[in-house]
Amino acid sequence: MNLNNPRALLSNYPAIKSWLIFLVVVWLFSLIGLGWLVKLSLILLGLVLITPLALFLGLQWWLKRSLVQEECPVCSFELVGLNNRQLQCPSCGENLQVSDRHFHRLTPPGTIDVQAVEVSAQVVDD
Ligand SMILES: [Zn+2]
């Protein structure tokens, strides 16, 4: 490869060639007073490149904030749900409410939750 020959350099690096063409076109446009067109197209190109990235980062941030992963309070099945939404446990079918990043049972008002505790019987001889 001969580095002194600009033609050989351009044919070996097509990316340099396209950037040079781009710069020449920008320079010509600004010479004939169409610099605003170049600026507008650069702004549009920037928006096209930045918008998907911003959307991706925003979606990632929203998912991190909204997704709750916890065990079902009834059957201890590992669940994933969105914060402040209702869902049904796929394992036991219980309706659950997600609030404050925790799963809660959806019960009608006045329902009292009790937990059964097994007590071993002891025979006391007198
Ligand atoms: Zn469950």
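The following dialogue examines a predicted model, from its domains to its helices, strands and loops.

Student: How far apart do the C-alpha centres of domain 1 and domain 2 lie?
Tutor: The domain assignment of the chain gives domain 1 as residues 6-63 and domain 2 as residues 65-105. Between the C-alpha centres of these two domains, the separation is 47 Å.

Student: Is helix α2 parallel, perpendicular or oblique to helix α3?
Tutor: Helix α2 covers residues 14-31 and helix α3 covers residues 35-66, and their axes lie 7 Å apart. The packing angle is about 135 degrees. An angle over 145 degrees would count as roughly antiparallel, and 65 to 115 degrees as roughly perpendicular. The angle between the two helices therefore makes α2, relative to α3, oblique.

Student: How many residues of the contact of α2 with α3 are nonpolar, polar and charged?
Tutor: From α2, the contact draws on Val26, Phe29 and Ser30. From α3, Gly35, Leu37 and Val38 take part. Gly counts among the polar residues in this division. The contact thus divides into four nonpolar, two polar and no charged.

Student: Which residue of β2 stands opposite Val68?
Tutor: Strand β1 comprises residues 67-71 and runs antiparallel to β2, with five bridges joining the two. Strand β2 spans residues 78-82, and its covered face holds Leu79 and Gly81. Its uncovered face holds Glu78, Val80 and Leu82. The residue opposite Val68 belongs to the covered face; it is Gly81.

Student: Is Ser76 buried or exposed?
Tutor: Ser76 lies in the loop between β1 and β2. Within 10 Å there are 11 other C-beta atoms, and a residue counts as exposed if there are 12 or fewer. Ser76 is therefore exposed.

Student: What is the phi of Ser76?
Tutor: Most residues other than glycine have a negative phi. Ser76 has a positive value, although it is a residue other than glycine. The hairpin of β1 and β2 that contains Ser76 has six residues between the strands. The phi of Ser76 is near 65 degrees.

Student: What distance separates the C-alpha atoms of Ser76 and Ile43?
Tutor: Ser76 belongs to the loop between β1 and β2. Along the chain, Ser76 and Ile43 are 33 residues apart. Their C-alpha atoms are separated by 52 Å.

Student: Which strands stand at the edges of the open sheet?
Tutor: Three strands form this sheet in the order β3-β4-β5, with antiparallel pairing. An edge strand here has a single partner, so one side of it is left without a neighbour in the sheet. The strands in that position are β3 (86-88) and β5 (102-105).

Student: By how many degrees are neighbouring strands of this sheet turned against each other on average?
Tutor: The sheet in question is the open one with the order β3-β4-β5. With direction ignored, the average turn between its neighbouring strands is 40 degrees.

Student: Which residue of β5 is the bridge partner of Leu96?
Tutor: Strand β4, residues 95-99, pairs with β5 in the antiparallel sense over four bridges. Within this pair, Ser99 stands opposite His102. The bridge partner of Leu96 in β5 is Arg105.

Student: Is Arg101 exposed, partly exposed or buried?
Tutor: Arg101 is found in the loop between β4 and β5, and its phi is positive, near 60 degrees. In the hairpin of these strands, Asp100 also takes a positive phi, near 55 degrees. Because burial requires 20 or more C-beta neighbours and Arg101 has 14 inside 10 Å, Arg101 counts as partly exposed.

Notes. Residues numbered from 1 in each chain as written. Predicted model: local features only at pLDDT ≥ 70, side-chain atom pairs only at ≥ 80, totals over all residues. Domains from an automatic or database assignment. Axes fitted to C-alpha atoms, helices over the stretch in contact; angles between N-to-C directions. Parallel < 35°, antiparallel > 145°, perpendicular 65-115°, else oblique. Contact = placed C-beta atoms within 7 Å. Pairing = 2+ DSSP bridges.
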